[in-house]
Amino acid sequence: MTDRFAPPATAGCRTAPVLKERGQHEVFCGLTGIIWLHRKMQDAFFLVVGSRTCAHLLQSAAGVMIFAEPRFATAILEETDLAGLADAQDELDRVASELLARRPDIRQLFLVGSCPSEVIKLDLAKAAERLSAAHAPNVRVLNYSGSGIETTFTQGEDACLAAMVPSLPEATAEELLIVGALPDVVEAQALDLLERIGVGPVRVLPAPRASDQFGVGPGTRIALVQPFLGDTLAALERRGACHIAAPLPFGEEGTTLWLKAIAAEFGIAPSVVDTVTEAPRARARKAVAQAADILRGKRIFLFPDSQLEIPLARFLTRECGMEAVEIGTPFLHRRIMAPELDLLAEGPVISEGQDVDKQLARLRAARPDLTVCGLGLANPLEAEGLTTKWAIELVFTPVHFYEQAGDLAGLFSRPLRRRDTLKVGPHDAALASS
Ligand code: SF4
């Protein structure tokens, strides 16, 4: 525990009751993850086997990004495929083979399942096996599902990383494996801190290139950097790797506890972490304090969306002085979340799953200062006078570790500042003074 952060006066939320909601999930689907995953894996290609809707989702999520060599595409299932009138497997082989012939730079090809491919039960595992055999050793073909049925958008990354685990070779060496896609600059900061603390060797999943191959086995210690990687964790544990339980590296406290948990696993004293991190901790503290001024004492309500809600609530309540009214999460992975829940003071409603009407009723009754929710809810809630923050921004913005702690707090303080500015904007001020 860092000196600045006392444990909560209460028992924390590890055993707090959880309100289970069983309605439909109203979130983006797992295809969204391709937008950040394709940037991390520089020789990978994501071929979505889906409909025109899937293609449109990817296109709009990717915004106006123009690539000389795009690294994702949609193989569109036509009506004849959906009606079973054409052999979709043959068609997929043809599309994939043409793609690989045109793009010799591709070393990993992900066949990404969608709602339509699941509805017609297109066996992408079989297709990946067949294509891998045809294109080995140059290309590894893997498959996972990004389907939106009963999933949320961060599960796409989990499914993708979990699909990579079985193909990792056996290893016995003692190594740290950081699991989760981070922006390159943030990943470099984490690796630098770990090196200075004396932890090594360190591997990262996903690796930037297929040739950056590493093994996994009983000597592998897993440090998650995202809370939504439960399936990947389970796949690694099946290979004998061990999870290092720790809060996630968000904010000064989370980052310090994450580093200390890893250091302890490698036999390094907490005082070494304190010494190495003194300067970045001070920078994080200063940056958070600047952004958090306006957050102190404000009430926040988090809809279930990104699966980051619990670690964010911990950061916002403990480092920014906010009060959490409700913390919704699409899925609660109790083992991964236990160190986070221990730090969270009792009080907020913790809900798992979605029932949007009931959640909206609770939100309107609570009238929080800030609501974190999906894009679909944000505009109507703003029209009702509630201040909102889009959950998806939290996944697209670099927010991990010390140097980003101020930006993380800033993501929440900005909507409140904007609200205040609009209340007493130049126009209103002119009217008031006239
Ligand atoms: S996978 Fe399903 S939810 Fe996602 S874009 Fe395609 S049809 Fe829509």
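Pro206 sits in the loop that runs between strands S7 and S8, the latter covering residues 220-224. In this predicted model, the peptide bond leading from Leu205 into Pro206 is cis, and its omega comes out near 5 degrees. A cis bond also turns up between Gly200 and Pro201, here with omega at about -10 degrees. Pro201 belongs to the loop between helix H8 (184-197) and strand S7 (202-205). Strand S7 is thus a handy landmark for both prolines: the loop of Pro201 lies between H8 and S7, while the loop of Pro206 lies between S7 and S8.

Another backbone detail concerns Lys121. Its phi is near 55 degrees, which is a positive value in a residue other than glycine. Lys121 is part of the loop between helix H5 (115-119) and helix H6 (124-135).

Stepping back to the whole chain, the division is into three parts: domain 1 (18-25 + 286-423), domain 2 (30-151) and domain 3 (175-278). Between domain 2 and domain 3, the C-alpha centres are 30 Å apart. Where these two domains touch, domain 2 puts in nine residues and domain 3 puts in five residues. On the domain 2 side, helix H1 (residues 34-40) supplies the largest share, namely three residues. Sorted by class, that side of domain 2 holds four charged, three nonpolar and two polar residues.

Then there is the ligand. Which residues surround the ligand? The shell is made up of Cys29, Leu31, Gly50, Ser51, Thr53, Cys54, Leu57, Ser114, Cys115, Gly146, Ser147 and Gly148. Helix H2 (residues 52-62) gives the most to this shell, with three residues. Cys54 is itself located in helix H2. As for chemical character, the shell has seven polar and five nonpolar residues, with no charged ones.

Cys29, Cys54 and Cys115, each of which appears in the shell around the ligand, are also listed by UniProt, in an unreviewed entry, under "binding site". These three cysteines span 87 residues in sequence, yet no two of their C-alpha atoms are more than 9.5 Å apart, so they gather at one spot.

Helix packing comes next. Two packed helices are described by the angle between their axes and the distance between the axes. For helix H11 (residues 270-292) and helix H17 (residues 405-423), the angle is about 10 degrees and the axes are 8 Å apart. H11 is therefore roughly parallel to H17, given that angles under 35 degrees count as such. On the H11 side, the contact is made by Ala284, Ala287, Val288, Gln290, Ala291 and Ala292. H17 answers with Ala405, Gly406, Ala409, Gly410 and Ser413. What classes of residue make up this contact of H11 with H17? There are seven nonpolar and four polar residues, and no charged ones.

Definitions and conventions:
Residues numbered from 1 in each chain as written. Predicted model: local features only at pLDDT ≥ 70, side-chain atom pairs only at ≥ 80, totals over all residues. Domains from an automatic or database assignment. Contact = placed C-beta atoms within 7 Å. Helix = DSSP H or I, 4+ residues; strand = E, 2+ residues; numbered from the N terminus. Nonpolar A, V, L, I, M, F, W, Y, C, P; charged D, E, K, R; others polar. Near = placed C-beta within 6 Å. Axes fitted to C-alpha atoms, helices over the stretch in contact; angles between N-to-C directions. Parallel < 35°, antiparallel > 145°, perpendicular 65-115°, else oblique. UniProt positions renumbered as here; feature names shortened; annotations may be inferred.
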